[in-house]
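Visitor: I would like a close look at a single part of this structure, with the surroundings described carefully enough that I can follow them atom by atom in my viewer. Please take your time over the answer.

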Amino acid sequence: MKSSQDNIFAHACENIADFQFDEKVAGVFNDMIKRSVPGYSQIINTLGAFAQKYASPDSHIYDLGCSLGAATLTIRRHVENRNCRIIAVDNSQSMIERCNENLSAYVSDTPVDLVCGDIRDINIENASMVILNFTMQFLAPSDRDELVKKIYQGLNPGGILVLSEKLNFEDEEIQALLYDLHLDFKRANGYSELEISQKRSSLENVMKPDTLLQHEQRLRKHGFMHFNIWFQCFNFSSMVAIK
């Protein structure tokens, strides 16, 4: 999946608007997320391994907040000949259009339904796997419980939810340490202090990370008995919950 270099915040902005997954972001998204999210490639690759283990024949797999389709692509490669159907959802038309181009570049017998819509409105049914890959953190906190409840109800017994998120930490010293390490990661990937500062300002009203405890309590509240982190780098984590 080709991507231009992310220089959206490279020049001083007089007014910094709230972050949106528009055409401008979609065009540089691959570069942006690889330079901003430590371990992203590892998370994407491992989603395929999860799918190989948990995607059951004749079931649905949901990629909620699919962006350009990286998770859908790796999952699709691992579930051939199982008669699964992938439902990939994003509320950005620009992302959906580019996702469609990326998926069309590869031949597969596994159908993908691309849906441009709000993940909160999607019916989850006959699901063996659901992915929320850095998606929930952009929902209003008040909507997160209902989404997890809907996912749990739509999962088949033994089904899996993989939830990747940026985390907040209750321990202020740990929060400051991991925050600083993440800043160093972005600097090492070529982002300037201006870019880092302006993007942070753009995101502060639209991205509201939870703590690990908040995630665990929410998942267990709605029925998930098996939960843990399977990956973490700095303040970025991927969790797994099994019904």
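The part chosen is the stretch around Asp58, and the answer begins with the whole chain before turning to that stretch and its neighbours.

Guide: Please keep in mind throughout that this is a predicted model. The chain holds 8 helices and 7 strands, and its radius of gyration of 18 Å is close to the 18 Å that the globule rule gives for 243 residues, so the chain is as compact as a globular protein of that length. Along the principal axes, the C-alpha trace spans about 50 × 40 × 30 Å, and buried residues account for 49% of the 243 residues. Of the contacts between residues at least 6 apart in sequence, 80% join residues at least 24 apart, and the stretch you asked about offers several contacts between residues from separate parts of the sequence, including that of His60 with Met129.

Asp58 is found in the loop between α2 and β1, the latter covering residues 60-64. Although Asp58 is not a glycine, its phi is positive, at about 65°. Leaving aside neighbours within four places in sequence, Asp58 is in contact with Arg82, Asn83, Cys84 and Asn126. The C-alpha atoms of Asp58 and Arg85 are 27 residues apart along the chain and are separated by 7.6 Å.

One of those contacts, Asn126, deserves a look of its own. Asn126 lies in the loop between β3 (112-116) and β4 (127-133), and it also has a positive phi, of about 50°, without being a glycine. With a relative accessible area of 33%, which falls between the limits of 20% for buried and 50% for exposed, Asn126 counts as partly exposed.

Moving on along the sequence, His60 is found in strand β1. Not counting residues up to four places away, His60 touches Arg85, Ile87, Glu125, Asn126, Ala127, Ser128 and Met129, so that Asn126 is a contact of His60 as well as of Asp58. His60 and Asn156, which are 96 residues apart in sequence, are 9.7 Å apart in space, C-alpha to C-alpha.Arg85, among the contacts of His60, lies in strand β2, which covers residues 85-90. Residues beyond four places in sequence that Arg85 touches are Ser59, His60, Ile61, Pro111 and Asp113. Arg85 is partly exposed, with a relative accessible area of 33%. For a sense of the distances within the chain, the C-alpha atoms of Arg85 and Ala12, 73 residues apart in sequence, are separated by 45 Å.

On the other side of the loop that holds Asp58 is helix α2, and its packing can be described in some detail. The axes of α2 (residues 40-54) and α3 (residues 70-78) come within 8 Å and cross at roughly 35°, and the crossing is right-handed. On α2 the contact is made by Tyr40, Ile44, Asn45, Leu47, Gly48, Ala49, Ala51 and Gln52, while α3 contributes Ala70, Ala71, Thr74, Ile75 and His78. By class, this contact has 8 nonpolar and 5 polar residues, and no charged ones.

As for annotation, UniProt, in an unreviewed entry, places the feature "domain: Methyltransferase" at residues 61-159. Over residues 61-159 the chain is 35% helix and 27% strand, and the end C-alpha atoms are 10 Å apart.

Elsewhere in the chain, Glu23 is found in helix α1 and is partly exposed, with a relative accessible area of 40%. Apart from residues up to four places away in sequence, Glu23 touches Ser94 and Arg98. Helix α1 (23-36) is also included, together with α6 (172-188), in what covers the buried residues of α7, and those buried residues are Glu195, Ile196, Gln198, Lys199, Ser202 and Leu203.

Note on methods:
Residues are numbered from 1 along each chain as its sequence is written. This is a predicted model: local features need pLDDT of at least 70, side-chain atom pairs count only at pLDDT 80 or more; totals for chains, interfaces and linings use all residues. Side-chain values use heavy atoms; hydrogens and water are left out. Axes are lines fitted to C-alpha atoms, for helices over the stretch in contact, and angles run from 0 to 180 degrees between N-to-C directions. Helices (H or I, at least four residues) and strands (E, at least two) are DSSP runs, numbered from the N terminus. A crossing is left-handed if the near helix is turned anticlockwise from the far one by less than a right angle, and right-handed if clockwise. Contact means heavy atoms within 4.5 Å. Ala, Val, Leu, Ile, Met, Phe, Trp, Tyr, Cys and Pro count as nonpolar, Asp, Glu, Lys and Arg as charged, and the others, Gly among them, as polar. UniProt positions are given in the numbering used here, feature names are shortened, and annotations may be inferred rather than shown by experiment. Buried means under 20% relative accessible area, exposed over 50%, partly exposed in between (1.4 Å probe, protein chains only). The radius of gyration is taken over C-alpha atoms; the globule rule is 2.2 Å times the number of residues to the power 0.38.
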